[in-house]
Structure formats: C-alpha cells, structure tokens
Amino acid sequence: MTTPIRVAIVDDHPMVAEGIEAILECYDDISVVATLSDGKEIIDRIDDLSPDVILMDLNMPGLSGLSATEMLLERRPETRILILSMHDSPEYISTALSHGAKGYVLKDVPTEEIKHAIDAVMSGQRYLCTGAQGSLEPPASDTREQLTNREQTILLQLAQGMSNKDVANALEISVRTVETHRKNIKRKLGISSTAGLTRYALEHGVLQGTGVNS
C-alpha cells in the first residue's frame with residue numbers, strides 16, 4: 001500500500017482550513033497532519049510533522065506566508081509548498097514562486113483542483129491553477145545584480161519596519177550578519193535609505209500578501 005501524502009494546511013481562517021481538510025480527507029492517498037493558523041507555528045513544528053506538502057496562505061498575522069515559505073525551505077528544502085490565496089495578480093504569483101513555492105492555487109478553484117495541485121508538485125512539477133497560468137510573463141531584462149533568497153527575505157522584513165535586531169532574532173542569525181546583508185541589498189539595488197528599500201519593495205511586489213501597502 002502506498003504511503004499517504006502528508007499535507008499540512010496553514011491558514012488563519014479556521015473555516016477555510018477546516019473546509020480544505022474535509023476535502024482532502026476524502027482521498028485515501030492524502031493524510032492531513034495538521035491545520036495551523038500562522039507561519040511561525042509551521043516553522044516550529046516542521047520537523048515534528050514532516051509534511052510532504054504545505055498549503056500556505058499568504059496573508060497571515062505575524063510571519064507572512066512568503067517569509068515562512070523561505071524559512072521552511074532553508075530548514076527542509078524537500079518540502080513542497082503550495083500557495084493558496086485569493087489574490088490573482090501577477091505580482092503576488094511571481095513573488096511567491098521566487099520565494100520557493102512550487103505552485104499557486106486560488107481559493108475559489110473547484111475542490112478537485114487542490115488535489116491536482118498536490119499530485120503535480122509531488123511529481124516534481126510546478127503547478128499554477130487556471131486563473132494564475134497567464135500571469136507569468138518573462139521578466140524584463142535587468143542588468144542589476146540579483147538579490148539572493150536570503151537577501152529577499154531580509155528586504156521584506158526591513159521594508160515591514162523590522163529592526164536589524166528583530167530580523168536577526170526572526171532568522172536566528174547575528175545582528176552583524178543582518179547589517180552585512182543590508183549593505184549588500186542597498187549596494188545591489190542602488191538604494192541608500194531604509195525608506196528607499198520600502199519604496200522599492202512596494203513597487204516591485206515584495207510586500208504583496210503582507211498587508212503592507214502604500
């Protein structure tokens with residue numbers, strides 16, 4: 001008998017999480033190992049739960065789905081993360097994929113599409129639901145040096161108003177390391193101020209899904 005796919009659901013709306021759990025429990029080859037309400041919870045329990053797939057909401061209090069995604073993949077890179085969101089703009093989708101998500105599914109899709117998405121990422125494919133497929137345009141050429149995944153995470157947190165110490169505590173690194181990353185981010189983007197970093201994050205979709213807007 002095939003081992004069931006272990007799925008964790010992370011969404012701060014109980015009705016959404018419970019509804020998805022009820023749908024998935026109808027499939028013999030899926031086992032829902034947890035329904036959690038925020039990004040920090042899944043990070044704290046990732047080793048204990050060992051999910052194969054995480055269905056991750058973007059908009060959550062505290063740690064956003066984007067930050068949680070990158071931190072989880074640093075700790076457990078074999079985990080497949082599917083973003084489950086109500087937002088269908090290209091900025092949300094491309095930003096989620098750039099943070100390591102294996103797929104993007106809108107919350108209003110037919111229930112069976114969530115199962116299709118799980119099967120797809122388990123087989124090594126990237127999955128975009130029908131409403132998201134047309135949103136990925138080839139990026140415009142950019143001669144600037146690209147930010148690393150860690151730098152993108154730190155940019156997101158700095159743009160949300162976190163201090164160097166807050167970022168260091170959240171990522172479990174030293175304040176000096178955060179300062180070094182901060183200098184590199186400013187150098188790569190040609191930005192000299194924190195306000196400039198926030199403006200860049202807003203204009204380039206980095207803050208999509210965090211509740212921060214202009």
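Which exposed residues does the face of α7 turned away from its buried side carry? In this predicted model, the answer is Lys-165 and Asn-169.

The other side of the helix is worth a look too. Helix α7 spans residues 164-171, and its buried residues are Asn-164, Val-167, Ala-168 and Leu-171. Looking down the axis of α7, these buried residues fall within an arc of 100°, so they line one face of the helix. As for what sits over them, the cover includes α3, α6 (149-159) and α8 (175-189). Right after α7 comes Glu-172, which has a positive phi, near 60°.

Helix α3, one of the elements covering the buried residues of α7, runs over residues 65-75 and contains Ser-67. With a relative accessible area of just 2%, Ser-67 counts as buried because the cut-off for that label is under 20%. Leaving aside residues up to four places away in sequence, Ser-67 touches Leu-156 and Gln-157.

Then there are the cysteines. The structure has zero disulfides. Cys-26 and Cys-129 end up with opposite labels: Cys-26 is exposed, at 64% relative accessibility, whereas Cys-129 is buried, at 1%. The first label follows because exposed means over 50%, and the second because buried means under 20%.

Notes. Residues are numbered from 1 along each chain as its sequence is written. This is a predicted model: local features need pLDDT of at least 70, side-chain atom pairs count only at pLDDT 80 or more; totals for chains, interfaces and linings use all residues. Side-chain values use heavy atoms; hydrogens and water are left out. A disulfide is a pair of cysteine sulfur atoms within 2.5 Å. Buried means under 20% relative accessible area, exposed over 50%, partly exposed in between (1.4 Å probe, protein chains only). Helices (H or I, at least four residues) and strands (E, at least two) are DSSP runs, numbered from the N terminus. Contact means heavy atoms within 4.5 Å. The arc is that of the directions from the helix axis to the C-beta atoms.
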